[in-house]
Amino acid sequence: MKRIIAALFFSAALAVAGQPAQTELPRMIMKPASKVGLSGEAQASAWLAEQRDALALNQSDLVLIRTQESLLAHHYTYAQVLDGLVVEGGEVVVSVDKKTGAIERVVQQIVKAERPLGVDKVQLSNDDAQEVAWQHLEVRGELHALPKAEKCYVDVDGELRVAHRVAIVADEPSGDWVITVDAVSGEVLDTQNLARNHYRGAAPAPATGPITARTEAIARFLEKQDRRNKTATAGKRASGRATVFDPDPVTTQGRTGLQDSSPDADFDGTYFERTLQDITETGGTYSLTGPWVTIADFDAPAVAPTTTTDGFWNFTRGNQGFNDAMTYYHIDENQRYIQSLGFRDGTGIQFGSINADANALNGNDNSIFSPSINSVFFGHGCVDDNEDADVIIHEYGHAIQFSILPTFNSGGDEFMLGEAFGDYWAGSWSARTIEGLMFNPAWVFHWDGHNFCWDGRFMNDFNQQYNPNAVYDRHSHGQIWSTGAFQGLLELMRQGIPRGEVDQIILESMFGLGRGVKANVWCDAIVATAKRLYPDGPHAQVLQNSFARQNIIGKVTEYRYVSAHIPPSAASWSSEVQLANPSSDSANVVLETYEAGGDGGYTLVDTQTLLLTANETRSITVGGSGGQRWLEITSSLPLSGITYFTRQVNETVGRETAGIPLIAETETGNSLVFPHIPADRNQFWSGFVLVNPGASAANLTFELIGENGNDLSNLLDAGAASQLSARQKWVNFLAEGPAGEAGLFDDSASAEKVAWVRVNADQPVAGFQLYGYRSDRGEAATAGIIATPDQARELQPIRVSLEGVDWNGFAIVNPTGAAAPMSVTVYGANGNIVTQQNTTLAARAKTLGLNLKGGNFTYPTVNPVINLDAASAHTIVIQSEAPLRVFGLTGDSGNTTIDGAAALGLTTNTMYTNPSGTLQIFKAKVPGTLTITRKFTSGATIEENIDLAAGGSQTIQLEDGLSGLQIRGDYFTSALITIDPDRALTVVEGKQIAFNP
């Protein structure tokens, strides 16, 4: 059936009623003009009323048919309606931000065809249309639902015609069928199968024999339904157990070679006992019926679901009980995972029990999801489909998508994207296991495919590139989108971003997409959603560049950084900015220097444009007149870099250098934490630098948190800044300065001392903290710690090795208002786990630990208490779902040197400029190979690979003459420790280079 679709869209300055419609634009617009004072449905309706002419509705109207709520917005779906009938395919979805009441985006698809002036009298009734559809489909099997027919308008060659859309869900021909029948002539205009089909080989032979009488098939269906209702009995929720694969035996063993006919012994070690939550117990019999999935028999062969008398499905493959338990466990757990991401109750997705037949489709090598009856069917050809969690979750992925987008069968790239999302969702589920990350994570269907049955699918298909003008099939072309999405997920996970944050972005982005979704529209929505959910993280950049690699959307073209502090050159401080281009292409870089004027405001005083060639490292001469300055750096490619500050007190005391990595735009935030105010104010001073890189003023508030977690904000100095003007920098002490200068607060008379500080702003700011020994002690030691916004990290390793130093201290801050469960794992230098214990860090609490040469590693919390020999501890790893702040300080026993670094999360690509001293590397989570590239000032390059076990570390003494050192790999952290002859200790934590494939 030919459709002529108006893919109009509008700019923020859209035509109002009575004015000419503007030029057609893409079908999705972000942030159109909203009405002040309106929100929700009123906001959406007001926008539609203004844009009626621009929408080119012709004779039709828009009627609200569905309201949905997601994490960020309310979504209002309006159907195109003419003469009281829906115009099939015509729809507008308006998404209104839940917090601001403004319209976040509009997606529209209007059918431009018109109803002819003279229309023949409608002849076919709904029942007549059902019979026409039945005979056309040649139904020879049983029904899974009662047939339905709905009258509507459809576009046929540019004209609207009245038709019946007849829905038939049958087992022969198997499918979830919609047949469009002309209501006047009885002509079949279109036949569509809504079922999402996993089938991979030749279709089974069609059935022969007489067509089933429709009335008889309906009668049999009603009889079965009545029998089920009569035999259904109430039960109570119970907890059970099951033996399952998780995710599948091939992944668990980390090797191929298993076959369906392999002996049972070949599957030893691949079974796991798992809890079955909320199954049903009735009179001592347990059944797999729960709030999120119901194992049922509704398709051939007629095999009743298994039950047990003890709640334990202790079966192995080849038994129906195993397939039933696999299906229940993985769907139930996946739904609970979705709810953990915030999608529950009003924002729930598939928020109810889905029917699943674990032995269906007459044993064919196939599995399907049927949206009309919200059911999944699993076949048993070759390897049983539901022996592989990938198949189960792939099919459940279709159910998820249809729950969010009930019309996800209406054109565009939706067939391809449906299979692509199912593959991505299955891949993410497997990636929750270590084995899933280690063994071909980009494969889908490790056990069901990639073997003698079929080839499986891949989510590292970089060769296929998206063409918006192409017509894509359902499966193989889905690898274009799934590769972009899954590789983005892997990259973020390798940087320590929790998997759930990426899955949350993908799910949230689907709300409000409307009909006829194209891949580029969805990917734009994903990037926009990432920016809204995680504005202070790398999520949006990584996902955009990953989709760009598939040619779906454009790459990130601008990377912005802040070098936050260039101290006055006439003072005892000096500074140096080093930049490195780690890419294989040249980077266009713009440096803008902002300097303080006499009024305290900062203005642009110097602009430099330079070309950093591939792999070039350069020291920058900062412009300006030598006052207080900071740099904004814009580059066409990702950069690495560091700002060094050197404090020279006098010739006797000497100097000390602190190094602060460039602060990327993704590391600025509306809320920054200065994580540590030293308790010994007589020995240590602490200060901060805060920069507003924005073009408008930033309003500030401060939270002062005490040692017992109490709010001590009343101690804030009355003169503390409440606003930073555009481009302004603020340098100040916290408690008091090295010579007793006044700071941000005065807690000298308070029984509880301030332990850490949070600064809140109404727009992103950048900052870091400085520490040092007080100058009246005759020392110049200085340390710098980057201030970070609230970013959860799956793992936060911090180095406590005593290589070249006398002590290593660390602190952990819980900046949230709730207690934070966490685990503390101490690794030795050889990669062994010395100890691993769990504890809870109270709301707003800070805890300290110390590794002391010649003494012990101590972490003196109430529970646990870790007290080890100092030499046994190399790295501690903190795990928590809360955005904890972890940082370390290092020094010597003579109190002459000090430096430190914040734990910045795991990295996949990091680079040091002009490195010297000792490099320490730690490998987290999974074993793997790291590639280390040394770049010399002579132009020579040396590359080596090192293999490290999970928890393993490596210490490398660097040779002289290096201009750069780059490390690439997965799940690692690194630190550069430099001690120069003038007692300057500098610790630089390895920092992630922006992902730019």
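In this predicted model, Asp-278 is partly exposed, with a relative accessible area of 30%. The residue belongs to strand E13, which spans residues 271-282. Its backbone stands out: phi is positive, at about 55 degrees, although Asp-278 is not a glycine. Asn-914 is a further non-glycine residue with positive phi, here about 45 degrees. Asn-914 sits in a loop, between strand E49 (907-913) and strand E50 (918-923). Its relative accessible area is 32%. That value falls between the 20% and 50% limits, so Asn-914 counts as partly exposed.

Two cis peptide bonds were also examined. One runs from Glu-172 to Pro-173, with omega near 0 degrees. Pro-173 occupies the loop that links strand E8 (159-171) and strand E9 (174-182). The other joins Asp-246 and Pro-247, and its omega is about 5 degrees. Pro-247 is likewise placed in a loop, between strand E12 (236-245) and helix H5 (249-253).

Thr-294 provides a buried position within a strand. The residue is found in strand E15 (residues 293-295). With a relative accessible area of 15%, Thr-294 is buried, because the limit for burial is 20%. Beyond its neighbours within four places in sequence, Thr-294 is in contact with Leu-288 and Thr-289. It also touches the run Ser-353, Ile-354, Asn-355 and Ala-356.

Helix H1 covers residues 40-50. Its buried residues are Gly-40, Gln-43, Ala-44, Ala-46, Trp-47 and Leu-48. These pack against helix H2 (52-55) and against four strands. The strands are E3 (61-69), E4 (73-82), E5 (85-97) and E6 (103-111).

Nonpolar side chains tend to be buried together in soluble globular proteins. Here the largest nonpolar core holds 108 residues. Phe-421, Tyr-424, Trp-481, Leu-507 and Trp-522 touch the most other members. A separate core lies apart from it and contains 29 residues. Among them are Ile-660, Trp-685, Val-689 and Leu-904. Within the largest core, Tyr-424 was followed further. Outside the four places on either side in sequence, Tyr-424 contacts Met-459, Trp-481, Ala-485, Phe-486 and Leu-489. Val-502, Asp-503 and Ile-506 complete the set.

Two packed helices are described by the angle between their axes and the distance between the axes. Helix H8 (residues 414-430) packs on helix H11 (residues 499-510) at about 160 degrees, with the axes 11 Å apart. H8 is therefore roughly antiparallel to H11, as the angle is over 145 degrees. The crossing is left-handed. On the H8 side, the residues involved are Phe-421, Tyr-424, Trp-425, Ser-428 and Trp-429. They meet Arg-499, Val-502, Asp-503, Ile-506, Leu-507 and Met-510 in H11. Phe-421, Tyr-424 and Leu-507 were named above as core members that touch the most others.

A second helix pair is formed by H12 (residues 519-533) and H13 (residues 539-549). Their axes come within 8 Å and cross at roughly 165 degrees. H12 and H13 are therefore roughly antiparallel to each other. H12 passes H13 in a right-handed crossing. Cys-523, Ile-526, Val-527, Ala-530 and Lys-531 form the H12 side of the contact. The H13 side consists of His-539, Ala-540, Leu-543, Gln-544 and Phe-547. Cys-523 is buried, and its relative accessible area is 0%.

The disulfide count comes to one. Cys-382 and Cys-453 form this disulfide, with their sulfur atoms 1.8 Å apart. The pair meets the criterion because its sulfur atoms lie within 2.5 Å. Torsion about the S-S bond is about -80 degrees, so the disulfide is left-handed. Cys-382 lies in the loop between strand E20 (375-378) and helix H7 (389-404). Cys-453 lies in the loop between strand E21 (443-444) and strand E22 (457-458). The pair therefore ties together parts that are 71 residues apart in sequence. Cys-382 has 31% relative accessibility and counts as partly exposed. Cys-152, by contrast, is buried, with a relative accessible area of 4%.

Technical notes: Residues are numbered from 1 along each chain as its sequence is written. This is a predicted model: local features need pLDDT of at least 70, side-chain atom pairs count only at pLDDT 80 or more; totals for chains, interfaces and linings use all residues. Side-chain values use heavy atoms; hydrogens and water are left out. A nonpolar core is a set of buried Ala, Val, Leu, Ile, Met, Phe, Trp, Tyr and Cys residues joined through side-chain atoms within 4.5 Å. Buried means under 20% relative accessible area, exposed over 50%, partly exposed in between (1.4 Å probe, protein chains only). Contact means heavy atoms within 4.5 Å. Helices (H or I, at least four residues) and strands (E, at least two) are DSSP runs, numbered from the N terminus. Axes are lines fitted to C-alpha atoms, for helices over the stretch in contact, and angles run from 0 to 180 degrees between N-to-C directions. Angles under 35 degrees count as roughly parallel, over 145 as roughly antiparallel, 65 to 115 as roughly perpendicular and the rest as oblique. A crossing is left-handed if the near helix is turned anticlockwise from the far one by less than a right angle, and right-handed if clockwise.
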